[in-house]
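Trainee: I should like to go through the terms used for this model and ask for the reasoning behind each of them. May we begin with the polar contacts?

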Amino acid sequence: MSYILLVEDNQATADIVVRVLTAAGFEVRHFIRGLDGAKMARQERPDLILMDFNLPDVDGRTVVLLLRQQLGGPAAPPIVAVTAQTGDKERMLAKSYGCAAFVGKPFIPEDLLKLVTQLVKREKN
């Protein structure tokens with residue numbers, strides 16, 4: 001079973017993500033605060049990280065940069081930006097920070113599931 005780390009401060013969004021991914025057979029751990037999520041990622045290396053950029057304690061972009069360094073640079077698990085800021089600038093920033101993909105909120109749950117499945121499958125190969 002693949003392990004997905006979700007860092008998301010909006011409980012309604014987190015509930016949707018957890019419900020969709022667990023129904024598909026993924027193990028999902030959810031954290032509201034970026035620093036808590038980063039700590040867990042270092043302790044129990046996930047197969048994929050879903051990272052909100054607007055968190056109550058720290059900028060999610062900063063967490064992405066730190067985790068990419070701390071979890072092995074190019075060998076780090078894929079990190080997907082999941083944010084309500086959907087402009088071209090935000091997409092470019094996500095890419096420049098090393099995110100494997102970008103998902104704008106609101107999103108279609110089936111599209112998120114498809115992306116997660118593709119990224120986890122690619123990571124496992």
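Trainee: In this predicted model, what makes the pair of side chains of Arg-29 and Glu-27 a polar contact?

Mentor: The side chains of Arg-29 and Glu-27 are joined at 2.9 Å, and a polar contact requires N or O atoms within 3.5 Å. The value of 2.9 Å meets that cut-off, so the term applies.

Trainee: Why is Arg-29 called partly exposed rather than buried or exposed?

Mentor: Arg-29 has a relative accessible area of 28%. Buried means under 20% and exposed over 50%, so 28% falls in between and Arg-29 is partly exposed.

Trainee: Where is Arg-29 found, and which residues is Arg-29 in contact with, leaving aside its neighbours within four places in sequence?

Mentor: Arg-29 belongs to strand E2, residues 27-31. With those neighbours left aside, its contacts are Tyr-3, Ile-4, Leu-5, Leu-6, Met-40 and Glu-44.

Trainee: Tyr-3 interests me further. Which residue has a side chain that reaches the backbone nitrogen of Tyr-3?

Mentor: That residue is Asp-47, whose side chain reaches the nitrogen at 2.7 Å. Asp-47 lies in the loop between H2 and E3.

Trainee: Is Asp-47 counted as buried or exposed, and how do you know?

Mentor: The relative accessibility of Asp-47 is 18%. Since buried means under 20%, Asp-47 counts as buried.

Trainee: Let us turn to the helices. How do you know whether H2 is roughly parallel or roughly antiparallel to H3?

Mentor: H2 and H3 pack at an angle of about 10°, and their axes are 11 Å apart. Angles under 35 degrees count as roughly parallel, so H2 is roughly parallel to H3. The contact involves Gly-34, Ala-38, Ala-41 and Arg-42 of H2, together with Val-63, Leu-67 and Gln-70 of H3. The crossing of H2 past H3 is right-handed.

Trainee: Which residues of H3 are buried, and what places them on the same side of H3?

Mentor: In H3, residues 60-70, the buried residues are Gly-60, Arg-61, Val-63, Val-64 and Leu-67. They cover an arc of only 155° around the axis, and therefore lie on the same side of H3.

Trainee: What do the buried residues of H3 pack against?

Mentor: They pack against helix H2 (34-43), strand E3 (48-51), strand E4 (79-83) and helix H4 (88-96).

Trainee: Which residue just after H3 takes a positive phi?

Mentor: Gly-72 does, with a phi of about 110°.

Terms used:
Residues are numbered from 1 along each chain as its sequence is written. This is a predicted model: local features need pLDDT of at least 70, side-chain atom pairs count only at pLDDT 80 or more; totals for chains, interfaces and linings use all residues. Side-chain values use heavy atoms; hydrogens and water are left out. Buried means under 20% relative accessible area, exposed over 50%, partly exposed in between (1.4 Å probe, protein chains only). Helices (H or I, at least four residues) and strands (E, at least two) are DSSP runs, numbered from the N terminus. The arc is that of the directions from the helix axis to the C-beta atoms. Contact means heavy atoms within 4.5 Å. A polar contact is a pair of N or O atoms within 3.5 Å; within protein, one must be able to donate a hydrogen and the other to accept it, and residues adjacent in sequence count only if both atoms are side-chain atoms. Axes are lines fitted to C-alpha atoms, for helices over the stretch in contact, and angles run from 0 to 180 degrees between N-to-C directions. Angles under 35 degrees count as roughly parallel, over 145 as roughly antiparallel, 65 to 115 as roughly perpendicular and the rest as oblique. A crossing is left-handed if the near helix is turned anticlockwise from the far one by less than a right angle, and right-handed if clockwise.
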